Structures are given as C-alpha cells and as structure tokens.
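Welcome! Take a moment to look over the sequence and turn the structure around before you read on.

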Amino acid sequence: MFSATPIFPATKSVFKDDAEHEWDELVARFVPGKKFERVLKVIQRYEGRRYNLNKNNCTDFGLSIALEAGISISDTQGSWFLGRGNNPGSAGQSVIEGKVTNADTNDRRGLLILTP
C-alpha cells in the first residue's frame, strides 16, 4: 500500500503502457539504427531493476533513454518529504525552459521540442 512512497521508496519495477496518457511537453530526435539498438539495450537493462523513488524512478529511466539518444536535460532534481531525486515535474519544467541540449557531439541533427 505504501510502496514507492517517501516512507517505502523501493518496490518492484513495472513497465506500463501509458499510450493513452496525455503529455505536456516532448523532446525527440531521429536516431540511426545502431543508436536505436543501444536505446533498446538500455530498456532491457532496466527490466527487472528495482524501482526506487529516490534513485531509480520513471524520470531516471526516461533520462537514461534520452541520453542514449543524444538528448540531455538539465535541472531535473526535486525534493519531497524524506527524499529527493530526479522528478518528472522538474524535468518537464526544464524542457519548457529550454534546458535541453544535443548531447551527441557526433550527430548534429536537431532536436524536436514541443511545449504548451
């Protein structure tokens, strides 16, 4: 009942389909096949890892995928009662504020950034 909360921050991780979930901001880029394969490997590494609100949460997962694709988002940390870590609200606000950069110096393709 209290798993994945500040009181009990760790729990079993689960991948869920949130395709019907509305989004507020988006950062994207086209990636070549080899890089896409590396992104898939990051996803496989996360499968079965223990979720922890403070150090292995959904935002950490998203930031890992983004970085592998060559997208860096800064100022993603937040704090809450009994904890702190990467936070979806802080990450989203950073996207809105333009704190997104191309992290791949070998790939000069642009980033697609959509915000409200």
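This report walks through salt bridges, a hairpin, two surface patches and a few single residues. Keep in mind as you read that the model is predicted.

**Salt bridges**

Let us begin with charged side chains that meet. How many salt bridges does the structure hold? The count is 6. Three of the pairs are set out here.

| Pair | N to O distance | Relative accessible area of each residue |
|---|---|---|
| Asp107 and Arg29 | 3.8 Å | Asp107 8%, Arg29 12% |
| Asp104 and Lys35 | 2.0 Å | Asp104 14%, Lys35 5% |
| Lys99 and Glu97 | 3.0 Å | Lys99 28%, Glu97 45% |

Start with the salt bridge between the side chains of Asp107 and Arg29. Asp107 sits in the loop that runs between β7 (100-102) and β8 (112-114), while Arg29 belongs to the loop between β2 (26-28) and α1 (33-46), so this pair ties together parts that are 78 residues apart in sequence. Is Asp107 buried or exposed? With a relative accessible area of 8%, Asp107 is buried, because the cut-off for buried is under 20%. Its partner Arg29 is buried too, at 12%. This salt bridge also has company: Arg29, Asp107 and Arg109 are linked in a network of salt bridges.

Now move to Asp104, which forms a salt bridge with Lys35, where the closest N and O atoms are 2.0 Å apart. Asp104 is in the loop between β7 and β8 and Lys35 is in helix α1, so here the pair ties together parts that are 69 residues apart in sequence. Both ends are covered: Asp104 counts as buried at 14% relative accessibility, and Lys35 is buried with a value of 5%.

The third pair in the table is set in other surroundings. The side chains of Lys99 and Glu97 meet at 3.0 Å, N to O. Lys99 counts as partly exposed, at 28% relative accessibility, and Glu97 counts as partly exposed as well, at 45%.

**The hairpin of β5 and β6**

Next, find two strands that run alongside each other. In what sense do β5 and β6 pair? Strand β5 covers residues 77-80 and strand β6 covers residues 83-86, and they pair in the antiparallel sense over 4 bridges. You can pick out one of the partners by eye: Gly78 has Gly85 in β6 as its bridge partner.

The hairpin has 2 residues between the strands. Phe81 is placed in this loop between β5 and β6, and so is Leu82. At 61% relative accessibility, Phe81 counts as exposed, and Leu82 counts as exposed at 56%. Leu82 has something else to show you, since its phi is positive, near 70°, in a residue other than glycine.

**Two patches on the surface**

The residues of that hairpin loop lead us straight to the surface. Which residues form the nonpolar patch there? Met1, Phe2, Ile7, Phe8, Phe81 and Leu82 do, with about 780 Å² of accessible area together. Notice that Phe81 and Leu82 from the loop between β5 and β6 take part.

There is a charged patch to look for as well. Lys34, Lys41, Arg45 and Arg49 form a positive surface patch. To find one of its members, follow helix α1, where Arg45 is found. At 54% relative accessibility, Arg45 counts as exposed, because over 50% is the cut-off for that label.

**Single residues worth a look**

Two further residues round off the tour. Ala4 lies in the segment before β1 (10-11). What is the phi of Ala4 near? The angle is near 60°, a positive value in a residue other than glycine. Ala4 is partly exposed, with a relative accessible area of 30%.

Gly48, for its part, lies in the loop between α1 and β3 (51-52). Its relative accessible area is 70%, and Gly48 is exposed. If you would like to try out a distance in your viewer, choose the C-alpha atoms of Gly48 and Glu68: these residues are 20 apart along the chain, and the two atoms are separated by 19 Å.

Definitions and conventions
Residues numbered from 1 in each chain as written. Predicted model: local features only at pLDDT ≥ 70, side-chain atom pairs only at ≥ 80, totals over all residues. Heavy atoms only, no water. Salt bridge = Lys/Arg side-chain N within 4 Å of Asp/Glu carboxyl O. Buried < 20%, exposed > 50% of the residue type's maximum accessible area, 1.4 Å probe, protein only. Pairing = 2+ DSSP bridges. Patch = residues over 30% accessible without salt bridge, like charges linked within 9 Å, V, L, I, M, F, W, Y side chains within 5 Å. Areas by Shrake-Rupley, 256 points an atom, 1.4 Å probe, with all protein chains shown as cover. Lys, Arg positive; Asp, Glu negative; His and termini not counted. Charge placed at Lys NZ, Arg CZ, Asp CG, Glu CD.
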